[in-house]
Amino acid sequence: MASRVHRPLEDQEFDFITGMVQGPVLAYFTGTWPKAVEACRELDSLVAELALDPEYGARFTAVRADITRCPATVRRHGVTGAPTVVLLRSGEAVATHAGPMGRAELRAFLDAHL
């Protein structure tokens, strides 16, 4: 299965990708430390699934950022833990959710803010 999730390796790449997008960006921040890994993997799967879903995929661009690789982006968006989801419009955060999310929660988040 192909992915429609961008995976920047550093802050500048994150800024480039989000600056080129002409619509909402679902940015989600992940971590690799033991307590975050499982929740981040689950969120990664859910976002990838929704990015390919005809109902949702055309409504947002997904960008996955590793907290340790994009520290300036993390600070700019007030991310304090992983996983965290931030919906951006024109580079500005319009909604944030910190912590694990299930499929229904992620869909509700998107439905409320897209």
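The points below describe a predicted model of a protein chain, going from its overall form to its sheet and then to a few single residues.

1. Overall make-up. The protein chain holds four helices and five strands, and when they are read from the N terminus the elements follow one another as β-α-β-α-β-α-β-β-α. A reader new to the structure may find it useful to keep this order in mind, since the strands and loops named below are placed by it.

2. Size and packing. For 114 residues a compact globule would be expected to have a radius of gyration near 13 Å, and because the protein chain has 13 Å, the two agree. Taken along the principal axes, the box filled by the C-alpha atoms is roughly 30 × 30 × 25 Å. Of the 114 residues, 46% count as buried. If one looks at contacts between residues at least 6 apart in sequence, 69% of them join residues that are at least 24 apart.

3. Surface and charge. The accessible surface of the protein chain amounts to about 6,100 Å², and carbon and sulfur atoms account for 53% of that surface. The chain carries 12 positive and 14 negative charges, and the mean positions of these two sets lie 1 Å apart.

4. The sheet as a whole. The five strands form an open sheet with mixed pairing, in which the order is β1-β3-β2-β4-β5. Its edge strands are β1 (5–6) and β5 (92–98), each of which pairs on one side only. As general background, the strands of a sheet pair through backbone hydrogen bonds, and they may do so in a parallel or an antiparallel way.

5. The surroundings of β3. Which strands are joined to β3 by bridges, and how do they run? Strand β1 is joined to β3 (residues 61–66) by two bridges, and these strands run parallel; within this pairing, A62 of β3 is the bridge partner of V5. Strand β2 (residues 25–30) is joined to β3 by six bridges, again with a parallel course, and here the bridge partner of T30 is D66 of β3. Because five of the six residues of β3 are buried, this strand is largely enclosed by the rest of the structure.

6. The hairpin of β4 and β5. Strand β4 (residues 84–89) and β5 run antiparallel and are joined by six bridges, one pair of bridge partners being V85 and H97, the latter in β5. The hairpin has two residues between its strands, and S90 takes a positive phi in it. The value for S90 is near 50 degrees, which is positive in a residue other than glycine. This residue is found in the loop between β4 and β5, and S90 counts as exposed because its relative accessibility is 77%, where exposed means over 50%.

7. The peptide bond before P83. The bond that joins A82 and P83 is cis, with an omega of about 0 degrees. P83 has its place in the loop between α3 (71–76) and β4.

8. H77, in the loop between α3 and β4. Is H77 buried or exposed? At a relative accessibility of 13%, H77 counts as buried, although this residue is found in a loop, namely the one between α3 and β4. Once the neighbours within four places in sequence are left aside, H77 is in contact with F14, F29, L88, G91 and A93. The C-alpha atoms of H77 and A27 are separated by 10.0 Å, while these residues are 50 residues apart along the chain.

9. A58, in the loop before β3. A58 is found in the loop between α2 (34–52) and β3, and with a relative accessibility of 72% A58 counts as exposed. From C-alpha to C-alpha, A58 and G23 are 9.7 Å apart in space, although 35 residues apart in sequence.

10. Two loop residues side by side. A reader checking the model may wish to set H77 against A58: H77 counts as buried, whereas A58 counts as exposed.

Terms used:
Residues are numbered from 1 along each chain as its sequence is written. This is a predicted model: local features need pLDDT of at least 70, side-chain atom pairs count only at pLDDT 80 or more; totals for chains, interfaces and linings use all residues. Side-chain values use heavy atoms; hydrogens and water are left out. The radius of gyration is taken over C-alpha atoms; the globule rule is 2.2 Å times the number of residues to the power 0.38. Buried means under 20% relative accessible area, exposed over 50%, partly exposed in between (1.4 Å probe, protein chains only). Contact means heavy atoms within 4.5 Å. Accessible areas come from the Shrake-Rupley method with a 1.4 Å probe; for residues, only the protein chains shown count as cover. Lys and Arg count as positive and Asp and Glu as negative; His and the chain ends are not counted. The place of a charge is taken as NZ of Lys, CZ of Arg, CG of Asp or CD of Glu. Two strands pair if DSSP finds at least two bridges between them.
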